[in-house]
Amino acid sequence: MSKKVSAELPEQMPSNFVPRRQGFDGVKTLYYETVFQDPAYLEVFTYTDRMSYRPGETVRFHTSTTAERFDISIVRDGIRPQKLAHLEGISGKSVGLRDRFYERGCDWPESQTWRVPDDAPAGFYIATSVASKGDVHREQEHGFFVLPRKDRRKEILLVAATGTWRAYNDWGGHSHYVGDNLIDYWQFAPKVTLHRPWARGFIWLPPGAPRRATKQPTAIGSPPRYLQDEFAFSRGFSKFCGSAGWASYERPFLCWAEAQGLEVDVISQADMIADPDLLTAYKCVVFVGHDEYWTWEMREAIEQYIESGGNVARFAGNFHFQIRLEDDGTTQVCYKDRVSEKDPLAGTKDERRVATDWSDPRIGWPGEQTFGLSSEYGCFAGVGGNAARGSGGFTIYDPNHWAFEGLYLGYGDVIGSEAQIFGYEVDGLDYEMIDGIPRPSARMKTPEGLKILAMGLASNLEQAYGRKGESLKWGDETTEVALRRYGVATEAARAAAARGSGMIVAFQKGRGSVFHAGSCEWVAGLQQHDPATCHVTRNVLDRFTRS
């Protein structure tokens, strides 16, 4: 099998690819990284034993490589990356994959340890494994860990969407979306482990890598294109790297915030429940990008924070699945549409914890009750054939709201369209228009006093016309959405399910406040220095951190 080498990125030699034909929703190509264990083929893959550490604790690295020696560089990431350590000349060993490694863990030997210095600053750390052969071949692999601190805290806390990262991480050919050679008709892995490498592109991407929702004119009569998928396949990155990960979402926010002079701490989602007091020291907790997978305990933690006076700024979309963490947090569980058949909690007294959509009536806790919006009334915009010719921005309905202060906006103005901030997956509500103002319908269980400030339209249906060159990624999602929204999949229900929205909302809850711009791609506006997106974000953060 030939390697795919990018002339534009010579320092990044693409990793091992294994192509398969996956037969669901038509015939799709599943390709992924994995170990080859060929001595003639240079490879290095590393994972850590945990996602979070404290000063004085030991980070344990586990590696498989065909190189005799390799290095690990440890850098605190941000607009000015800070190198803390460079571990050189580590002995390498090539290790295979045991049965069901994707849920049981790779069980590779410990290759190196590193004690976190007592004075190490809080933040997000990238651990880059580098292996070489001679002066020509070079292989890099990127992992991460976070360092929360109980002292020297900032005013803003960024919570990385690590549950979503784990769900989409397809290293070895398995994730909550795909599964190679699974039994019992599984087409995805319901359990995924932390103890395996991160697929290429989740932690690091080259500058200029296309986003999921990239502004492109889709001519009338032409099929859609998927520029991020084309980029990933041609340059050796995971096909899911634009769907989740530090590189696509949290990092652009952090770099923008630091450029603004704002100080931001970073934690993983699991840290919210590992330390119950962690959130309370911050004036504002931020979520960005694609933030889809949460546990019950994570929701309880953030709701308690809001009720007690905390402020949440959520510039993120697709709040959708309840998950569970098992084996001391190393295993993530989500049964999705096979929950009734496979989840051991189905039909028990603990049925509210079943690992499926938050909209499932057995759970009884719709997503809009926490963040004001629901993925069930989104979802896709500006990707493929889903709302492909929309504006890419939010249409303003309440221009006098404090979030828009200083922008001199009017009713019907659109913000963020040049940067495509309204896109990929968005969260909305069933709504009714009264005198030109959208309001949540009686169907929704939104917090009292919630106001819809802006919105746009989304779709759950990519029309198939059989045109030359047509290859749909999402296709027709209306049956699944209709069943979740309405409990039936009649023709009328499916027609309604094809329609969705994404919104910006704000509300008070207890003694706290929530601002929710329900779009995965809000960070694209920060990344591209879109004036309106940057101004609104700063308005929200300034208000929420004000004493």
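Here are some questions and answers about the cores, helices and empty spaces of this predicted model.

Reader: Which helix gives the largest share of the largest nonpolar core?
Author: Let's start with the core itself, which has 92 residues. Those with the most contacts inside it include Trp-165, Phe-253 and Phe-515. Seven of the core's residues come from one stretch, 246–259, and that's the largest share. The stretch is helix 4.

Reader: Which residue of helix 12 does Val-286 touch?
Author: Leaving aside residues up to four places away in sequence, Val-286 touches Ile-156, Leu-157, Leu-158, Val-159, Phe-253, Ala-313, Phe-315 and Leu-541. Helix 12 runs over residues 531–545, and a member of that list also turns up among the helix's buried residues. That one is Leu-541.

Reader: What span is expected for helix 12 at 1.5 Å a residue?
Author: Helix 12 has 15 residues. The expected span is 1.5 Å times one less than the number of residues, so you count the steps rather than the residues. From its first C-alpha to its last, helix 12 reaches 21 Å, close to the expected 21 Å.

Reader: Which residue just after helix 6 takes a positive phi?
Author: Helix 6 covers residues 296–307, and its buried residues include Met-298, Ala-301 and Ile-306. Those three also belong to another core, of 42 residues, lying apart from the largest one. Just past the end of the helix, phi is positive, about 115°, at Gly-309.

Reader: How many charged residues are in the lining of the second largest pocket?
Author: This pocket holds about 760 Å³ of space, and 36 residues line it. Among the closest to its centre are Leu-205, Pro-207 and Arg-251. Helix 4 shows up again here, with the largest share of the lining, seven residues. By class, the lining splits into 19 nonpolar, 11 polar and, for the charged ones, six.

Reader: What is the volume of the largest cavity?
Author: The structure holds six cavities of 30 Å³ or more. The largest is lined by 14 residues, with Glu-141, His-142, Trp-198, Ala-199 and Arg-200 closest to its centre. Strand 9 gives three residues, the largest share of that lining. The volume comes to about 90 Å³.

Reader: Which strand, along with strand 9, supplies at least two residues of the lining of the second largest cavity?
Author: The second largest cavity has about 70 Å³ of space. Its lining includes Thr-46, Tyr-47 and Thr-48, and these numbers fall in the stretch 44–48. That stretch is strand 3.

Definitions and conventions: Residues are numbered from 1 along each chain as its sequence is written. This is a predicted model: local features need pLDDT of at least 70, side-chain atom pairs count only at pLDDT 80 or more; totals for chains, interfaces and linings use all residues. Side-chain values use heavy atoms; hydrogens and water are left out. A nonpolar core is a set of buried Ala, Val, Leu, Ile, Met, Phe, Trp, Tyr and Cys residues joined through side-chain atoms within 4.5 Å. Buried means under 20% relative accessible area, exposed over 50%, partly exposed in between (1.4 Å probe, protein chains only). Helices (H or I, at least four residues) and strands (E, at least two) are DSSP runs, numbered from the N terminus. Contact means heavy atoms within 4.5 Å. On a 1 Å grid over the protein atoms alone, a cavity is a set of points where a 1.4 Å probe fits but cannot get out, and a pocket is an open set with protein on both sides within 12 Å along at least five of seven lines; lining residues have an atom within 4 Å of a point. Grid points are joined across faces, edges and corners, and a volume is the space filled by probe spheres set on the points. Ala, Val, Leu, Ile, Met, Phe, Trp, Tyr, Cys and Pro count as nonpolar, Asp, Glu, Lys and Arg as charged, and the others, Gly among them, as polar.
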